[in-house]
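Let us take a walk through this structure together, with an eye on its aromatic rings and on how its chains are arranged.

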Number of protein chains: 4
Amino acid sequence: MTPPSPALAYYERTACSAQWLAFNRALAIELGAGLPPEENRRLFARIGERVARQLPVARCTTLGELEDAFNARWESIGWGFGRLEEGAQTLSITHDCSPLAVAFGADAASWTSGFLEGAYQAWFQAQGSPAGLRVQAMARSGEAADTLVTQVQLALGKFAG
Amino acid sequence: MTPPSPALAYYERTACSAQWLAFNRALAIELGAGLPPEENRRLFARIGERVARQLPVARCTTLGELEDAFNARWESIGWGFGRLEEGAQTLSITHDCSPLAVAFGADAASWTSGFLEGAYQAWFQAQGSPAGLRVQAMARSGEAADTLVTQVQLALGKFAG
Amino acid sequence: MTPPSPALAYYERTACSAQWLAFNRALAIELGAGLPPEENRRLFARIGERVARQLPVARCTTLGELEDAFNARWESIGWGFGRLEEGAQTLSITHDCSPLAVAFGADAASWTSGFLEGAYQAWFQAQGSPAGLRVQAMARSGEAADTLVTQVQLALGKFAG
Amino acid sequence: MTPPSPALAYYERTACSAQWLAFNRALAIELGAGLPPEENRRLFARIGERVARQLPVARCTTLGELEDAFNARWESIGWGFGRLEEGAQTLSITHDCSPLAVAFGADAASWTSGFLEGAYQAWFQAQGSPAGLRVQAMARSGEAADTLVTQVQLALGKFAG
C-alpha cells in the first residue's frame, strides 16, 4: 500500500467544481441524516440513470469501443473515466477520478457509488444487456483501500437481491 | 417587460458548472417526485444554512459592509450576488445570478429558493439578528417575472408561520 | 446609453476562467509594452485562425445554420456567441460574451479583437468565402461604447488595406 | 521509471481550463515560431513576476509557512503546488500540477518554465531574498523525465549568467 503521490492527492482534492463543493457536502450530510444508506443508494442510482439517459451512447460492437464512448461522455463533464474488463463471471468496471468522493465526503461513499451503478446500468441496458444483469459496486477490501480515494470498483453480472 | 438581452440569456444559461448540471437536473426531478415542495424547501434551507456556516462572515457594522462581505463569499464560489435594502417593515434582499434556476430547473424554483432563505438566515443570525426575524423568499408577482430568471427576491422580517 | 444591469456586469466581470485571468492580464501588459498594436493585432489574428482550425465547422448552406455551428464551437469553450446579419455591402458579425475584454483588459481591446477577426476569417474561408473578402473589427463609435464591454462588432467584406 | 497511473494521466491531461486550451496552444506555436527560446523564457519570466505581484504573500518566518503561503495562492487559481527543500548550496523548489505543460505543449516546456522562475523569484525577493540569488529551472535529466509531465524542478541560489 504505497502512499498517494502529492500530485494525485492534489488533483483528487480539487476534483469537484468549487461552485458545488460546499453545497454537495451539505446535501450529503442532510441525506445521510434523513434516510438510511440503502435508500440514498437507490436515490443516487436513479440520479445516475437519468444522467446516463441525458448523455446517450451509440450502439457499440466491441468492449473497447464501448469504453471509449462512455469515457467521451464522462470526460465531457469532468467525471473521470472507467475501464471495462471481461472476467470469468462478470464484467468488471473500474471507475477513477469521479468527483463523488470529494463532493460528498468519505461517510457517504458507501451510497454515492449508487450513482455509478445507475449510470452504467442504464448505459448497458441501452446496449441490449439482458435485464437480469445488474451493475453493482463492490465493497472495498482492506488492501483495495489504497491510494486512490476516487476509485470505485463495480461489476456487471448476476447478483442476488 | 423587456426581453432579456441575448448576452444575459447566454450567461444565465451557462451559469451552472457543466460538471453538475446533469446531476442537479436529475436530483431535482427525483426530489420533486419524492417529497412535497414544502419539505424540499426545508431541505434546501438546511443545506443553505450549512453552506453559510462553511463560509462564515465577520461581524459588520453597516449594511453596505455586510453586502460586500456576503458577496465576497458568493462570488468566491460563483453564486452571484445579493443587494440589501432597508424597507419600512423588512430588509429586502435581491439575489441575482445564482446557478439555482439553471441547475434545478424552472419546476423546482418554488422550493430551491429555500437554499437562499437558509443561507441568509444563518448569516443574519450570526450577525446577531433577533431569532424571531426570518428570511423568506417572496412569491414572484406577474410583472416581477421579468427577464432575469436567476433573480430571487427575499425579505428579512417578521413573518407569520 | 443605459447603464449595464448589475447582473450583466457581474457575469462579464467573471467571464474569464480564474486559472488564466492573472496570467492573461500580465501577458497583455507585456505584449502591449513590447510590440506596436498593429503587430499584436496580427499575432492575435493568427492565434484566432489556429483556434478556428482546431474547432472546424462542417459546410453549411444557410446563414442560420452557420451561426448555429459557430456558436456550438464558441459555447463549448465558454467564448460567448456571435450573430450574423446580411447587410447591403457586408455581412455583419456581432460577437458577445467572449472572455477577451476581461482577460486582457480595456487597454488591449483595440488589438485583442484581432483574435475574432482571425477566427471568423478562417471559418468563412473554409466555407468557401472568396479570398478577397476579409473579416475586420469595426471601431466602436461613441454611442456604440455602451453597456456591453464584451461586445465586438466585425464585418466580412471588401476592405482596403 | 514507472508508467504514470491512468488517474494521474487523466488529471494532467485535463489540468488546463477548456476556455484557454486551444488559445494557449496556438499562442505557444506563434511565440515559438516568432522568437528564440531564450527570449520567450524571459517573456514568461516577466509574466510570472507580474502574476506573483498580483498574488502577494505575507512575510513568513519559516520555510514551511512560506510553502503554505505560496500554495494557498497557487491553489486559488488552479496552478498546482510547490515543495521547498533546503539543500547544501541551493533551495530546491519542485512544482507539480501547473497547467503549463498541457496548455503550451511539450515543445514549449523549455521556455514556459520561465513563468515559474519569474513568479518564485518575485515572491522570494519580496521576502527579502538577496538580489544576487536567482531562481532557475533545472534541466530534466534522463531519469528525471519520469511520469509527471507537469513537474518542474527549480532552484534558488547563485547562478552564473
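**Aromatic rings and matching chains**

Phe70(C) and Trp123(C) are both buried. Please keep in mind that this is a predicted model.

A pair of aromatic rings is described by the distance of the centres and the angle of the planes. Counted over all chains, there are 82 aromatic pairs. One of them joins Tyr10(A) and Phe81(D): the ring centres are 5.4 Å apart and the planes stand at 45°, so this pair is tilted. Tyr10(A) belongs to helix α1 (residues 6–13) of chain A, while Phe81(D) sits in strand β1 (residues 81–86) of chain D, so the pair joins two chains. Tyr10(A) has a relative accessible area of 4%, so this residue is buried. Phe81(D) is buried as well, with a relative accessible area of 9%.

Now back to Phe70(C) and Trp123(C), which form a stacked aromatic pair with 4.7 Å from centre to centre and 10° between the planes. This pair links distant parts of the chain: Phe70(C) is in helix α4 (residues 63–76) of chain C and Trp123(C) in helix α7 (residues 114–126) of chain C, 53 residues apart.

Elsewhere, ring pairs link residues into a cluster, including Trp20(A), Phe23(A), Phe44(B), Phe70(B) and Trp123(B).

How do the chains themselves compare? A turn of 180° and a shift of 0.0 Å along the axis lay chain D on chain C with an RMSD of 0.0 Å. The two copies are thus related as by a two-fold rotation axis. Of the interface residues of chain D, 100% are also interface residues in chain C, so the copies meet through the same surface.

Conventions
Residues numbered from 1 in each chain as written. Chains lettered and ligands numbered in written order. Predicted model: local features only at pLDDT ≥ 70, side-chain atom pairs only at ≥ 80, totals over all residues. Heavy atoms only, no water. Phe/Tyr/Trp six-rings, centres within 6.5 Å; stacked < 30°, edge-to-face > 60°. Helix = DSSP H or I, 4+ residues; strand = E, 2+ residues; numbered from the N terminus. Buried < 20%, exposed > 50% of the residue type's maximum accessible area, 1.4 Å probe, protein only. Least-squares fit on C-alpha atoms with pLDDT ≥ 70 in both. Contact = heavy atoms within 4.5 Å.
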